[in-house]
Amino acid sequence: RPARPAAPVRTAVSVVIVNFQQADHVRRLVRQLDRSEAMRGLIAEIVIVDNDADPQGLHDWATRRPGIAWRGAGKNRGFARAVNAGVRRAAGNWILLLNPDVSVPDEFLDQVIVAAEARLAADPNVGIIGFGLRHADGTPQASVGPFPTFANVLSGLFRPRAHRRCRPVMKKAAEVAWATGCCLLVHRDCWETLGGCDEDFFLYYEDVDLCRRAHAGGWTVWHDPHLAVTHFHPLHSRPVAAPLRVVTRHALLTYAAKHWPVWQFRLLARCVQWEGRLRALGADREQFRRMAEIARLLLAGQTTRARHLLASAARALGES
């Protein structure tokens, strides 16, 4: 009897990594992921999306390694667009978003697959799972939080930066409002239903928006602290350069326009306008004038023009 063709290998998880001037970190992370049996057994894959105009040899290095795909954007098109492009190339039942500046333990992908399947068996509606984060010294790092509101955004100005968006670390697995995108697992069905990340976001808040839309669509969002990675450069631990402040304000305003009452969005936009004008009296005048103008454009509903203006701040991110 003729031999039956071998069944195709099912891809359990696809790792999507977005690079922007972090080629060395990407190489280190890929080597760590390679230490998983899932990579050797071809049930896991890695997709690298390069937002860097100068990939520093990352293309040639990545394409020589089995189980790795590389996609180049030629310029920084933003995190959300890059992630969506990576997922279109991916084949996994689960999509794992990883920042380049994380470090994972050996056999990490094997543990991710086990944790995902266990959670799915217990909760068929699970759509998103966030895992634990640790600082470089091993201490826990906050990675979940409530949905941003006008009230908690303002009150956050009086809290430490580490707890403005996120809240104290959880010790048990539980359902949450949202989990950070630097180590985020999304079921393929959930991703496809939601249409992936909203590309109106350039950088930041796209993870919060994704989780919010998942809840609205009947999916559950979980946080599992038992599996953790080390995150070296969280936003709250770095000085916020002027271009990065412009990007974060654009992200917050984009989120507010989508999910807050109109009057709250308009009030926030006015606040950001005045913040930009006041900061422009000091250093980095061009960037902060740009912040004020972006707020004005979003207030007027001119999102495309605001996005074009944001591109200048994005280019300055590389320079800073």
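**Exercise 1. The surroundings of D52**

Leaving aside its neighbours within four places in sequence, find which residues D52 is in contact with, and then establish whether D52 is buried or exposed.

*Solution.* Contact is taken to mean heavy atoms within 4.5 Å, and on that criterion D52, with neighbours within four places in sequence left aside, touches N19, F20 and Q21. The structure is a predicted model, in which local features need pLDDT of at least 70 and side-chain atom pairs count only at pLDDT 80 or more, while totals for chains, interfaces and linings use all residues. Residues are numbered from 1 along each chain as its sequence is written, and side-chain values use heavy atoms, with hydrogens and water left out.

The next step is to place the residue: D52 belongs to the loop between β2 and α3 (58–63), where helices (H or I, at least four residues) and strands (E, at least two) are DSSP runs numbered from the N terminus. Its relative accessible area is 8%, so D52 is buried, a term that means under 20% relative accessible area, as against over 50% for exposed and in between for partly exposed, with a 1.4 Å probe and protein chains only. Finally, K75 stands 23 residues away from D52 along the chain, and the C-alpha atoms of the two are separated by 5.3 Å.

**Exercise 2. Strand β6 and its partners**

Determine which strands are joined to β6 by bridges, and in which sense each of them runs.

*Solution.* Two strands pair if DSSP finds at least two bridges between them. Start with β12 (residues 220–231), which runs parallel to β6 (residues 126–134) and is joined to it by 8 bridges; within this pairing, G132 has A228 of β12 as its bridge partner. Turn next to β11 (residues 183–187), which is antiparallel to β6 and joined to it by 3 bridges, with I129 standing opposite L185 of β11. The remaining step is β7 (residues 140–141), which pairs with β6 in the antiparallel sense over 2 bridges, and here R134 has P140 of β7 as its bridge partner. The hairpin of β6 and β7 has 5 residues between the strands, and G138 takes a positive phi near 90 degrees in it.

How many residues of β6 are buried? The count is 8 of the 9, so the strand is largely enclosed by the rest of the structure. L133 lies in this strand, and with a relative accessible area of 5% it is buried. Apart from its neighbours within four places in sequence, L133 is in contact with residues including T139, P140, C183, A228 and V229.

**Exercise 3. The covering of helix α4**

Work out which residues of α4 are buried, and which elements they pack against.

*Solution.* Helix α4 (residues 79–89) is mostly covered, with 8 of its 11 residues buried. These buried residues are F79, A80, A82, V83, N84, A85, G86 and V87. Strands β1 (13–19), β2 (44–50), β3 (68–72) and β4 (94–98) are among the elements that they pack against, as are helices α7 (188–194) and α8 (206–216).

**Exercise 4. Helix crossings**

For α10 with α11, and then for α9 with α10, find how the axes cross and which classes of residue make the contact.

*Solution.* The axes are lines fitted to C-alpha atoms, for helices over the stretch in contact, and the angles run from 0 to 180 degrees between N-to-C directions. The axes of α10 (residues 262–279) and α11 (residues 285–299) come within 7 Å of each other and cross at roughly 160 degrees. The two helices are therefore roughly antiparallel, since angles over 145 degrees count as such, under 35 as roughly parallel, 65 to 115 as roughly perpendicular and the rest as oblique. Their contact involves residues including F265, A269 and V272 of α10 and F288, M291 and L298 of α11. By class the contact has 9 nonpolar, 2 polar and 7 charged residues, where Ala, Val, Leu, Ile, Met, Phe, Trp, Tyr, Cys and Pro count as nonpolar, Asp, Glu, Lys and Arg as charged, and the others, Gly among them, as polar.

For the second pair, the axes of α9 (residues 242–259) and α10 come within 9 Å and cross at roughly 165 degrees, which means that α9 is roughly antiparallel to α10. R245, R249, L252, L253, A256 and A257 of α9 meet F265, L268, A269, V272, E275 and R279 of α10, and this contact has 8 nonpolar, no polar and 4 charged residues.
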